[in-house]
Amino acid sequence: LTITPFIANLPKVELHIHIEGTLTPALRWELAHRNAIPLPYPTFEDLQASYAVTLNHRPELNGRQPGIPTFLEAYFAGCEVLRTEADFYDLAMAYFHRCVDLKVRYTEPFFDIQAHTRRGVPAQAVLNGYLRAQQDAIALGVHSRWIFCFLRDEPVSAGLDAYRTARPWATVEGGKGLFHAVGLASNAYERPPMLFEEGFRLARADGLHVTMHCDFGQKDTQAHVAEAIYKVCGGLGAERIDHGLDAEEELWAGLVERGIGLTLCPHAYHRRTATEVLFPKIRRLWERGVQMCFNSDDPTLMHDVWIDGNMQKVYSYCGFSRGEMVQFVRNAVDMSWAEEDVKKAIY
Ligand code: HPA
Ligand code: ZN
């Protein structure tokens, strides 16, 4: 996939990227050595080669597939090397430097604090590392507000505890301003959005925004999308849906009426969907008036395809014009929860 100069030079906004999914093999190798953590790969080349395979998300196996690691197993295995505040800072700064190269001006990264605290990492190390990076990235011309994710395959009470711990780092009165929204990530298998209603309610009461993953091609995705549109947040619905691409036609009107945009990650779907099926589907949703923007999800675990590659794919395969591609960036600005001055600066 060749990135054309038009796509490369387009200023960008990213609304669906997991910070832990930006950990490169190189930084993972470096942190493993820094923290004296053994990796199951004898050489850097072996580690790098492990990223070349397609890691399918197999929720029906609940993350346990003999042999090949599933996508989420690989994702959480990568997290193992992250231990100290400096590690989280370095991870985020590496991403922000990548944003400079990609011309990403504003981003709303997801973070999975429970992926770290459940391994015994102090919440403060995670939050302060990300906060310091958020502040230092402004000098690079990259603004961000982050999204706290509940790990939906963990007990709800664990998510609520994590939220309460992280709350002083939110955009609440007297808070530090790291994150301004909550989301729902990890394995969706038999974990519908409504299970986390109390978490969404807490976040809304704090003035935060609410989004949630309704993964592509997973069991019960239709029901999850329907809950996200009509049931969560006391019936108000989510403000955005992450993925949600295979919402069936009867749900499209709900997305349009309620102004719920989809943060799509075309390459993630393209790994397991034929070109002639996937891209016409994206185009059809767009023609029906569903708001959408294009993002990278977990770029280092998805063949190193970043937001530019994702935008290039829809530009090449959906037949969108240059004007339409510019409009998608404006859509991302509209779908974002950036402060007005930041929005103006990007527009
Ligand atoms: N799906 C669900 N949760 C995730 C993913 C994903 O692809 N990546 C990181 N958290
Ligand atoms: Zn995602």
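How many residues surround ligand 1, and which are the closest? In this model, which I should say at the outset is a predicted one, ligand 1 is surrounded by 10 residues, and the closest of them are His-18, Ala-185, Ser-186, His-213 and Asp-298. If we sort that shell by class, we find 5 polar and 3 charged residues, together with 2 nonpolar ones.

Let me turn next to a pair of helices, H5, which covers residues 85–102, and H7, which covers residues 123–137. Their axes come within 7 Å and cross at roughly 35 degrees, and the crossing of H5 past H7 is right-handed. On the H5 side the contact includes Phe-88, Tyr-89, Met-93 and Phe-96, while on the H7 side Val-126, Tyr-130 and Ala-133 are among the residues that take part. Divided by class, the residues of this contact of H5 with H7 come to 11 nonpolar, 4 charged and 2 polar.

The last element I would like to show is helix H9, residues 197–205, in which Gly-199, Phe-200 and Ala-203 are buried. Looking down the axis of H9, we see these buried residues fall within an arc of 100 degrees, and therefore they line one face of the helix. As general background, an α-helix has 3.6 residues a turn, so residues three or four places apart point the same way. And what covers the buried residues of H9? The cover includes helix H8 (156–166) as well as three strands, S5 (146–151), S6 (179–185) and S7 (209–214). Finally, just after H9, Gly-207 takes a positive phi of about 80 degrees.

Conventions
Residues numbered from 1 in each chain as written. Chains lettered and ligands numbered in written order. Predicted model: local features only at pLDDT ≥ 70, side-chain atom pairs only at ≥ 80, totals over all residues. Near = placed C-beta within 6 Å. Nonpolar A, V, L, I, M, F, W, Y, C, P; charged D, E, K, R; others polar. Axes fitted to C-alpha atoms, helices over the stretch in contact; angles between N-to-C directions. Helix = DSSP H or I, 4+ residues; strand = E, 2+ residues; numbered from the N terminus. Left-handed = near helix turned anticlockwise from the far one by under 90°. Contact = placed C-beta atoms within 7 Å. Buried ≥ 20, exposed ≤ 12 C-beta atoms within 10 Å, placed from the backbone. Arc of directions from axis to C-beta.
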